[in-house]
Amino acid sequence: MSGYFYTLLVASVCGTVCMMLAWGGFERYIKYIASLICVVLLISPLREIDISAALSDSLDHSQAEPDSSVADLYAISEQMTENTAEKYIRDIVFSEFGINAVSADIKIEWGKTEAVIKNIDLVLARNDMNRAEDIKRYLFSVLGGEVRIVEE
């Protein structure tokens, strides 16, 4: 809390000095520098907050023994992520090749810190199967994982 009072004191002193210097024709530059100093001084007390420790504590706590509501939230978020990824796959296939995929299915392996795409299954209409190899190579280069394309 004393950091904020110190910041306000320094900011007011800097503002007073800058106002006294502003009469010399450098108003624009002085105001810019004073604004930068004030912003830095106002934000500086926030650097003392250790976000990484708070995050690691919460992650360690959640990994220790998740209750059923947390596990349900994880399952829901994983499902929502997979649904969003499937829509994204259909969108990029349409934007790149002009082909509307009938459906897309993605399998994601969820690690502790990252998600890895294991395989992508894409269902195309019969008349779009002539571009299947191009789509397969494109999806592999963009997203990775095993790509399988099947006919509707």
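Reader: What makes Glu82 a buried residue that has no salt bridge?

Author: In this predicted model, Glu82 is buried, and the nearest side chain of opposite charge, Lys107, is 5.9 Å away. A salt bridge needs a side-chain nitrogen within 4 Å of a carboxyl oxygen, so a distance of 5.9 Å does not qualify.

Reader: Where is Glu82 found, and which residues is Glu82 in contact with, leaving aside neighbours within four places in sequence?

Author: Glu82 is found in helix α4, residues 68–97. With those neighbours set aside, Glu82 is in contact with Ile106, Ile108 and Trp110.

Reader: Which residue does Lys107 form a salt bridge with, and why is the pair called that?

Author: The partner is Asp105, and the closest N and O atoms are 3.1 Å apart. The cut-off is 4 Å, so the pair counts as a salt bridge.

Reader: Why is Lys107 called partly exposed?

Author: Its relative accessible area is 42%. Partly exposed covers what lies between under 20% and over 50%, so Lys107 belongs there. Asp105, at 27%, is also partly exposed by that rule.

Reader: How do you know that Arg148 and Asp121 form a salt bridge?

Author: Their closest N and O atoms are 2.7 Å apart, and the limit is 4 Å. The pair links distant parts of the chain, with Arg148 in strand β3 and Asp121 in strand β2, 27 residues apart.

Reader: What makes Arg126 exposed but Glu151 partly exposed?

Author: Arg126 has 63% relative accessibility, and exposed means over 50%, so Arg126 counts as exposed. Glu151 has 39%, which falls between the two limits, so Glu151 counts as partly exposed. The side chains of these two residues meet in a salt bridge at 2.6 Å, N to O. Glu151 lies in strand β3 and Arg126 in the loop between β2 and α5, 25 residues apart.

Reader: Which residues have the most contacts inside the largest nonpolar core?

Author: They are Ile89, Val93, Leu122, Leu124, Ile135, Leu139 and Ile149, in a core of 18 residues. Helix α4, β1, β2, α5 and β3 each supply at least two residues of this core, and α4 gives the most, with five.

Reader: What makes Ile37 eligible for a nonpolar surface patch?

Author: Ile37 has a relative accessible area of 32%. Patch residues need over 30%, so Ile37 passes that cut-off. Together with Tyr32, Ile33 and Leu36, Ile37 makes a nonpolar surface patch of about 380 Å². Ile37 is found in helix α2, residues 27–43.

Methods:
Residues numbered from 1 in each chain as written. Predicted model: local features only at pLDDT ≥ 70, side-chain atom pairs only at ≥ 80, totals over all residues. Heavy atoms only, no water. Buried < 20%, exposed > 50% of the residue type's maximum accessible area, 1.4 Å probe, protein only. Lys, Arg positive; Asp, Glu negative; His and termini not counted. Contact = heavy atoms within 4.5 Å. Patch = residues over 30% accessible without salt bridge, like charges linked within 9 Å, V, L, I, M, F, W, Y side chains within 5 Å. Areas by Shrake-Rupley, 256 points an atom, 1.4 Å probe, with all protein chains shown as cover. Core = buried A, V, L, I, M, F, W, Y, C linked by side-chain atoms within 4.5 Å.
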